[in-house]
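Q: Could you walk me through this structure, and tell me how each label is earned?

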There are 2 protein chains.
Amino acid sequence: MNTSLEEKLRKKSIKPTAMRLLVLQCLMEQNRALSLNELEVLFENADKSTIFRTLKTFQENYLVHRINDGSGAIKYALCDDDCICSLEDNHIHFLCTKCEKTYCLKDTPITTPNLPNGFRANFANYLIEGICSACS
Amino acid sequence: MNTSLEEKLRKKSIKPTAMRLLVLQCLMEQNRALSLNELEVLFENADKSTIFRTLKTFQENYLVHRINDGSGAIKYALCDDDCICSLEDNHIHFLCTKCEKTYCLKDTPITTPNLPNGFRANFANYLIEGICSACS
DNA sequence: AGAACTTTGCAATGGCATTGCACTCCTTAA
DNA sequence: TTAAGGAGTGCAATGCCATTGCAAAGTTCT
(Lines give C-alpha, C1' and ligand atoms only; values in the text may rest on other atoms or scores of the structure.)
Protein backbone atom coordinates (compact mmCIF):
# COMPACT_ATOMS: atom_id res chain seq x y z
CA MET A 1 0.00 0.00 0.00
CA ASN A 2 2.30 2.72 1.22
CA THR A 3 5.12 2.48 -1.24
CA SER A 4 7.39 4.97 0.50
CA LEU A 5 7.33 2.98 3.71
CA GLU A 6 8.09 -0.23 1.82
CA GLU A 7 10.89 1.53 0.04
CA LYS A 8 12.35 2.67 3.33
CA LEU A 9 12.42 -0.90 4.57
CA ARG A 10 13.85 -2.31 1.36
CA LYS A 11 16.63 0.23 1.39
CA LYS A 12 17.71 -1.28 4.68
CA SER A 13 17.28 -4.83 3.39
CA ILE A 14 14.25 -5.49 5.57
CA LYS A 15 11.44 -7.49 4.05
CA PRO A 16 8.27 -5.44 4.45
CA THR A 17 5.60 -7.24 6.41
CA ALA A 18 2.37 -5.78 7.68
CA MET A 19 3.67 -5.49 11.21
CA ARG A 20 6.90 -3.88 10.16
CA LEU A 21 5.14 -1.32 8.04
CA LEU A 22 2.87 -0.44 10.92
CA VAL A 23 5.70 -0.05 13.39
CA LEU A 24 7.72 2.02 10.96
CA GLN A 25 4.77 4.23 10.20
CA CYS A 26 4.13 4.72 13.87
CA LEU A 27 7.72 5.67 14.59
CA MET A 28 7.67 8.17 11.74
CA GLU A 29 4.43 9.76 12.82
CA GLN A 30 5.33 10.09 16.47
CA ASN A 31 8.67 11.61 15.62
CA ARG A 32 10.12 10.60 18.96
CA ALA A 33 11.49 7.58 20.74
CA LEU A 34 8.96 4.94 21.75
CA SER A 35 9.27 2.11 24.20
CA LEU A 36 8.27 -1.45 23.51
CA ASN A 37 5.43 -0.99 25.93
CA GLU A 38 4.15 2.13 24.21
CA LEU A 39 4.10 0.31 20.90
CA GLU A 40 2.38 -2.64 22.52
CA VAL A 41 -0.43 -0.36 23.66
CA LEU A 42 -0.75 1.22 20.24
CA PHE A 43 -1.00 -2.15 18.53
CA GLU A 44 -3.22 -3.99 20.94
CA ASN A 45 -3.72 -6.96 18.70
CA ALA A 46 -0.04 -7.55 18.09
CA ASP A 47 2.11 -9.57 20.40
CA LYS A 48 4.85 -8.04 22.47
CA SER A 49 7.47 -10.44 21.21
CA THR A 50 6.60 -9.71 17.62
CA ILE A 51 7.09 -6.02 18.16
CA PHE A 52 10.26 -6.76 20.06
CA ARG A 53 11.63 -8.80 17.19
CA THR A 54 10.50 -6.22 14.69
CA LEU A 55 12.48 -3.59 16.54
CA LYS A 56 15.42 -5.93 16.81
CA THR A 57 15.40 -6.44 13.08
CA PHE A 58 15.14 -2.71 12.55
CA GLN A 59 18.03 -2.14 14.86
CA GLU A 60 20.24 -4.75 13.24
CA ASN A 61 19.71 -3.02 9.94
CA TYR A 62 20.30 0.50 11.21
CA LEU A 63 16.74 1.62 10.80
CA VAL A 64 16.29 2.43 14.48
CA HIS A 65 18.59 2.99 17.41
CA ARG A 66 18.00 2.01 21.00
CA ILE A 67 17.95 4.67 23.66
CA ASN A 68 18.43 4.03 27.30
CA ASP A 69 16.89 7.08 28.91
CA GLY A 70 16.91 5.73 32.42
CA SER A 71 13.15 5.46 32.49
CA GLY A 72 13.41 1.74 32.95
CA ALA A 73 12.27 0.90 29.46
CA ILE A 74 14.46 1.04 26.41
CA LYS A 75 13.16 3.33 23.72
CA TYR A 76 13.51 3.11 19.97
CA ALA A 77 13.81 5.95 17.48
CA LEU A 78 14.30 6.12 13.74
CA CYS A 79 17.79 6.58 12.45
CA ASP A 80 18.72 9.02 9.76
CA ASP A 81 18.82 7.57 6.28
CA ASP A 82 22.55 7.10 6.09
CA CYS A 83 23.05 6.19 9.74
CA ILE A 84 25.31 3.34 10.68
CA CYS A 85 24.96 4.00 14.40
CA SER A 86 28.59 4.92 14.80
CA LEU A 87 30.01 7.50 17.16
CA GLU A 88 29.44 10.18 14.55
CA ASP A 89 25.75 9.33 14.35
CA ASN A 90 25.24 9.62 18.10
CA HIS A 91 23.22 12.60 19.20
CA ILE A 92 21.66 14.01 22.32
CA HIS A 93 18.43 12.58 23.67
CA PHE A 94 16.07 14.53 25.80
CA LEU A 95 13.74 12.97 28.33
CA CYS A 96 10.93 15.13 29.61
CA THR A 97 10.38 14.21 33.22
CA LYS A 98 6.83 15.48 33.04
CA CYS A 99 5.36 13.72 30.02
CA GLU A 100 8.02 10.98 30.00
CA LYS A 101 8.52 11.44 26.28
CA THR A 102 11.96 11.09 24.77
CA TYR A 103 13.14 13.10 21.81
CA CYS A 104 16.13 12.89 19.52
CA LEU A 105 17.88 16.23 19.31
CA LYS A 106 19.56 15.59 16.00
CA ASP A 107 20.24 19.26 15.48
CA THR A 108 22.22 19.36 18.69
CA PRO A 109 25.38 17.42 17.96
CA ILE A 110 27.42 15.78 20.68
CA THR A 111 30.80 17.27 21.22
CA THR A 112 33.06 14.41 22.21
CA PRO A 113 35.44 15.55 24.88
CA ASN A 114 39.08 14.71 25.24
CA LEU A 115 39.34 11.54 27.24
CA PRO A 116 42.09 10.64 29.68
CA ASN A 117 45.12 8.87 28.30
CA GLY A 118 44.42 5.41 27.02
CA PHE A 119 40.65 5.75 26.87
CA ARG A 120 39.07 5.24 23.46
CA ALA A 121 35.44 6.07 22.69
CA ASN A 122 33.27 3.90 20.47
CA PHE A 123 29.83 5.03 21.41
CA ALA A 124 28.27 7.96 23.19
CA ASN A 125 24.95 8.38 24.88
CA TYR A 126 24.23 11.87 26.02
CA LEU A 127 20.95 12.14 27.84
CA ILE A 128 19.45 15.33 29.15
CA GLU A 129 16.49 15.31 31.46
CA GLY A 130 14.25 18.27 31.94
CA ILE A 131 11.03 19.80 30.73
CA CYS A 132 10.17 19.77 27.06
CA SER A 133 8.70 22.66 25.13
CA ALA A 134 5.22 21.17 25.17
CA CYS A 135 5.21 20.82 28.95
CA SER A 136 6.82 24.09 29.98
CA MET B 1 37.53 2.08 64.08
CA ASN B 2 38.14 4.13 60.95
CA THR B 3 37.36 7.62 62.06
CA SER B 4 37.72 9.24 58.68
CA LEU B 5 35.08 6.98 57.20
CA GLU B 6 32.74 7.67 60.08
CA GLU B 7 33.37 11.35 59.70
CA LYS B 8 32.49 11.16 56.02
CA LEU B 9 29.17 9.58 56.87
CA ARG B 10 28.39 11.99 59.68
CA LYS B 11 29.09 14.95 57.42
CA LYS B 12 26.25 13.72 55.25
CA SER B 13 24.01 13.03 58.24
CA ILE B 14 24.25 9.28 57.86
CA LYS B 15 24.51 7.23 60.99
CA PRO B 16 27.58 5.01 60.64
CA THR B 17 26.78 1.33 60.88
CA ALA B 18 29.13 -1.54 60.17
CA MET B 19 27.56 -2.20 56.81
CA ARG B 20 27.62 1.40 55.77
CA LEU B 21 31.24 1.77 56.70
CA LEU B 22 32.12 -1.30 54.68
CA VAL B 23 30.24 -0.16 51.61
CA LEU B 24 31.72 3.30 51.83
CA GLN B 25 35.21 1.91 52.23
CA CYS B 26 34.71 -0.35 49.27
CA LEU B 27 33.47 2.45 47.05
CA MET B 28 36.45 4.57 48.03
CA GLU B 29 38.97 1.84 47.39
CA GLN B 30 37.58 0.77 44.04
CA ASN B 31 37.46 4.35 42.82
CA ARG B 32 34.84 3.50 40.25
CA ALA B 33 31.14 2.88 39.97
CA LEU B 34 29.91 -0.43 41.35
CA SER B 35 26.67 -2.23 40.77
CA LEU B 36 24.52 -3.69 43.49
CA ASN B 37 25.48 -7.10 42.25
CA GLU B 38 29.19 -6.38 42.41
CA LEU B 39 28.84 -5.24 45.99
CA GLU B 40 26.76 -8.30 46.78
CA VAL B 41 29.59 -10.51 45.61
CA LEU B 42 32.17 -8.56 47.62
CA PHE B 43 30.11 -8.85 50.78
CA GLU B 44 28.92 -12.39 50.54
CA ASN B 45 27.51 -12.49 54.02
CA ALA B 46 25.45 -9.37 53.63
CA ASP B 47 22.02 -9.35 52.14
CA LYS B 48 21.24 -7.76 48.83
CA SER B 49 18.41 -5.67 50.23
CA THR B 50 20.60 -4.32 52.98
CA ILE B 51 23.16 -3.16 50.47
CA PHE B 52 20.38 -1.78 48.33
CA ARG B 53 19.01 0.23 51.22
CA THR B 54 22.47 1.33 52.22
CA LEU B 55 23.01 2.72 48.76
CA LYS B 56 19.60 4.31 48.80
CA THR B 57 20.43 6.06 52.03
CA PHE B 58 23.75 7.17 50.59
CA GLN B 59 22.03 8.50 47.52
CA GLU B 60 19.37 10.39 49.44
CA ASN B 61 22.13 12.13 51.35
CA TYR B 62 24.25 12.93 48.32
CA LEU B 63 27.04 10.58 49.23
CA VAL B 64 26.71 8.55 46.04
CA HIS B 65 25.06 9.07 42.68
CA ARG B 66 23.35 6.48 40.54
CA ILE B 67 24.67 5.81 37.07
CA ASN B 68 22.70 4.14 34.36
CA ASP B 69 25.39 2.90 32.01
CA GLY B 70 23.12 0.72 29.93
CA SER B 71 24.74 -2.43 31.23
CA GLY B 72 21.46 -3.52 32.72
CA ALA B 73 22.50 -2.85 36.28
CA ILE B 74 22.54 0.56 37.91
CA LYS B 75 25.91 1.51 39.28
CA TYR B 76 26.80 3.66 42.24
CA ALA B 77 29.76 5.98 42.65
CA LEU B 78 30.89 8.35 45.35
CA CYS B 79 29.99 11.99 45.01
CA ASP B 80 32.42 14.78 45.58
CA ASP B 81 32.33 16.24 49.06
CA ASP B 82 30.19 19.23 48.21
CA CYS B 83 28.02 17.51 45.63
CA ILE B 84 24.30 18.08 45.63
CA CYS B 85 23.79 16.05 42.46
CA SER B 86 22.64 19.06 40.49
CA LEU B 87 23.26 19.71 36.83
CA GLU B 88 26.57 21.34 37.71
CA ASP B 89 27.73 18.21 39.50
CA ASN B 90 26.99 15.96 36.54
CA HIS B 91 30.01 14.56 34.80
CA ILE B 92 30.88 12.08 32.11
CA HIS B 93 30.83 8.37 32.82
CA PHE B 94 32.87 5.90 30.89
CA LEU B 95 31.89 2.28 30.45
CA CYS B 96 34.59 -0.06 29.24
CA THR B 97 32.93 -2.61 27.02
CA LYS B 98 35.74 -5.06 27.69
CA CYS B 99 36.01 -5.18 31.47
CA GLU B 100 32.50 -3.76 32.03
CA LYS B 101 33.85 -1.32 34.56
CA THR B 102 32.40 2.15 34.82
CA TYR B 103 34.44 5.19 35.74
CA CYS B 104 33.57 8.73 36.69
CA LEU B 105 35.50 11.19 34.57
CA LYS B 106 35.24 14.07 36.99
CA ASP B 107 38.07 15.90 35.30
CA THR B 108 36.16 15.89 32.06
CA PRO B 109 33.29 18.29 32.58
CA ILE B 110 30.08 18.09 30.61
CA THR B 111 29.47 20.98 28.31
CA THR B 112 25.74 21.52 28.28
CA PRO B 113 24.63 22.40 24.78
CA ASN B 114 22.07 24.94 23.75
CA LEU B 115 18.70 23.24 23.70
CA PRO B 116 15.87 23.95 21.30
CA ASN B 117 13.40 26.63 22.31
CA GLY B 118 11.33 25.76 25.32
CA PHE B 119 13.50 22.87 26.51
CA ARG B 120 14.95 23.21 30.00
CA ALA B 121 17.64 20.91 31.37
CA ASN B 122 17.64 19.69 34.97
CA PHE B 123 19.95 16.73 34.77
CA ALA B 124 22.49 15.34 32.37
CA ASN B 125 23.87 11.88 31.90
CA TYR B 126 26.69 11.68 29.42
CA LEU B 127 27.89 8.15 28.93
CA ILE B 128 30.78 7.14 26.73
CA GLU B 129 31.43 3.53 25.87
CA GLY B 130 34.76 2.28 24.69
CA ILE B 131 37.96 0.73 25.90
CA CYS B 132 39.55 1.91 29.11
CA SER B 133 43.24 2.49 29.64
CA ALA B 134 43.70 -0.75 31.52
CA CYS B 135 42.20 -2.81 28.70
CA SER B 136 43.75 -1.11 25.68
C1' DA C 1 0.58 -28.89 -4.17
C1' DG C 2 4.66 -29.51 -1.24
C1' DA C 3 9.19 -28.36 0.91
C1' DA C 4 11.88 -24.86 3.09
C1' DC C 5 12.12 -20.68 5.20
C1' DT C 6 10.24 -16.58 7.59
C1' DT C 7 7.22 -14.37 10.61
C1' DT C 8 4.12 -14.41 14.35
C1' DG C 9 1.78 -15.65 18.88
C1' DC C 10 1.92 -17.77 23.24
C1' DA C 11 3.98 -19.05 27.21
C1' DA C 12 7.82 -19.32 29.74
C1' DT C 13 12.32 -17.63 31.74
C1' DG C 14 15.72 -14.68 33.73
C1' DG C 15 17.79 -10.51 35.60
C1' DC C 16 17.42 -6.66 38.36
C1' DA C 17 15.07 -3.34 41.46
C1' DT C 18 12.13 -2.95 45.07
C1' DT C 19 9.23 -3.94 49.19
C1' DG C 20 6.61 -6.33 53.27
C1' DC C 21 7.43 -8.48 57.30
C1' DA C 22 9.69 -10.15 61.18
C1' DC C 23 13.77 -10.21 63.88
C1' DT C 24 17.73 -7.97 66.02
C1' DC C 25 20.14 -4.26 67.79
C1' DC C 26 20.68 0.20 69.66
C1' DT C 27 19.12 4.27 71.97
C1' DT C 28 16.37 6.58 75.17
C1' DA C 29 13.32 7.47 78.94
C1' DA C 30 11.32 6.00 83.13
C1' DT D 1 18.36 -1.53 85.00
C1' DT D 2 14.82 -2.35 82.26
C1' DA D 3 11.10 -1.60 79.09
C1' DA D 4 9.72 0.75 74.83
C1' DG D 5 10.46 2.60 70.46
C1' DG D 6 12.98 3.27 66.48
C1' DA D 7 16.54 2.04 63.18
C1' DG D 8 18.94 -1.43 60.64
C1' DT D 9 19.09 -5.99 58.73
C1' DG D 10 17.83 -10.56 56.53
C1' DC D 11 14.62 -13.33 54.14
C1' DA D 12 11.26 -14.07 50.99
C1' DA D 13 8.32 -12.37 47.89
C1' DT D 14 6.79 -9.29 43.99
C1' DG D 15 6.89 -6.71 39.79
C1' DC D 16 8.66 -4.95 35.63
C1' DC D 17 11.02 -5.45 31.49
C1' DA D 18 13.82 -7.90 28.05
C1' DT D 19 14.45 -12.03 25.90
C1' DT D 20 13.75 -16.79 24.08
C1' DG D 21 11.81 -21.75 22.94
C1' DC D 22 8.44 -23.75 20.53
C1' DA D 23 4.63 -24.47 17.66
C1' DA D 24 1.33 -22.48 14.41
C1' DA D 25 0.57 -19.56 10.45
C1' DG D 26 2.11 -17.38 6.47
C1' DT D 27 5.24 -16.84 2.47
C1' DT D 28 8.21 -18.15 -1.29
C1' DC D 29 10.01 -21.09 -4.56
C1' DT D 30 9.95 -25.18 -7.35
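A: Sure. This is a predicted model, and a good place to start is chain B, where strand 2 of chain B and strand 3 (residues 74-78) of chain B run antiparallel, joined by 5 bridges.

Q: What makes strand 2 of chain B and strand 3 of chain B count as a pair?
A: Pairing takes at least two bridges between two strands. Strand 2 of chain B and strand 3 of chain B are joined by 5 bridges, so they qualify as a pair. To see one spot in that ladder, look at B:Arg66, which stands opposite B:Tyr76 in strand 3 of chain B.

Q: Which sheet do they belong to, and which strands are its edge strands?
A: They sit in an open sheet of 3 strands in chain B, ordered 1-3-2, with antiparallel pairing. Strand 1 (34-35) and strand 2 (64-68) of chain B are the edge strands, as each pairs on one side only.

Q: What packs on this sheet?
A: Helix 2 of chain B does, touching strand 1, strand 2 and strand 3 of chain B. The direction of helix 2 of chain B makes about 85° with that of strand 3 of chain B. Roughly perpendicular covers 65 to 115 degrees, so that value falls under this label. Helix 4 of chain B lies across strand 2 and strand 3 of chain B, at about 110° to strand 2 of chain B. By the 65 to 115 range, that is roughly perpendicular too.

Q: Why is helix 1 of chain B called roughly perpendicular to helix 2 of chain B?
A: Two packed helices are described by the angle between their axes and the distance between the axes. Helix 1 (residues 3-11) of chain B and helix 2 of chain B pack at an angle of about 100°, with their axes 10 Å apart. That angle makes helix 1 of chain B roughly perpendicular to helix 2 of chain B, as the label covers 65 to 115 degrees.

Q: Which residues make that contact?
A: Helix 1 of chain B brings B:Leu5, B:Glu6, B:Lys8 and B:Leu9, while helix 2 of chain B brings B:Arg20, B:Leu21, B:Leu24, B:Gln25 and B:Met28. By class, the residues of this contact are 5 nonpolar, 1 polar and 3 charged.

Q: How do you know which strands stand at the edges of the sheet of 6 strands?
A: Read the order of this open sheet: 5(A)-4(A)-6(A)-6(B)-4(B)-5(B), with mixed pairing. Strand 5 (102-109) of chain A and strand 5 (102-109) of chain B each have a single partner strand, so one side of each is left without a neighbour in the sheet. Ignoring direction, neighbouring strands here are turned by 30° against each other on average.

Q: Why is the pairing in that sheet called mixed?
A: Compare two of its pairs. Strand 4 (residues 91-96) of chain A and strand 6 (residues 120-131) of chain A run parallel, with 5 bridges. Strand 6 of chain A and strand 6 (residues 120-131) of chain B run antiparallel, with 11 bridges. With a parallel pair and an antiparallel pair in it, the sheet has mixed pairing. For examples of partners, A:Phe94 is bridged to A:Ile128, and A:Ile128 has B:Ala124 as its bridge partner in strand 6 of chain B.

Q: What makes B:Arg53 a polar contact of DNA strand D?
A: The cut-off for a pair of N or O atoms is 3.5 Å. An N or O atom in the side chain of B:Arg53 is 2.6 Å from a base oxygen of DNA strand D, so the pair passes. B:Arg20 has a side-chain N or O atom 2.8 Å from a phosphate oxygen of DNA strand D, which is inside the cut-off as well.

Q: How many residues surround DNA strand D, and which are the closest?
A: There are 17, and the closest are A:Phe52, B:Arg20, B:Ser49, B:Thr50 and B:Arg53. Helix 4 of chain A gives the largest share of that surface, 4 residues.

Q: What about DNA strand C: which residues come nearest?
A: Of 17 residues around DNA strand C, those are A:Arg20, A:Ser49, A:Thr50, A:Arg53 and B:Phe52. Sugar and phosphate make up 68% of the atoms of DNA strand C that come within 4 Å of the protein.

Q: How do you know that B:Ile74 makes a polar contact with DNA strand C?
A: A backbone N or O atom of B:Ile74 lies 3.0 Å from a phosphate oxygen of DNA strand C. The limit is 3.5 Å, so this pair counts.

Notes:
Residues numbered from 1 in each chain as written. Chains lettered and ligands numbered in written order. Predicted model: local features only at pLDDT ≥ 70, side-chain atom pairs only at ≥ 80, totals over all residues. Heavy atoms only, no water. Near = heavy atom within 4 Å. Polar contact = N/O pair within 3.5 Å; in protein donor to acceptor, adjacent residues only side chain to side chain. Helix = DSSP H or I, 4+ residues; strand = E, 2+ residues; numbered from the N terminus. Axes fitted to C-alpha atoms, helices over the stretch in contact; angles between N-to-C directions. Parallel < 35°, antiparallel > 145°, perpendicular 65-115°, else oblique. Contact = heavy atoms within 4.5 Å. Nonpolar A, V, L, I, M, F, W, Y, C, P; charged D, E, K, R; others polar.
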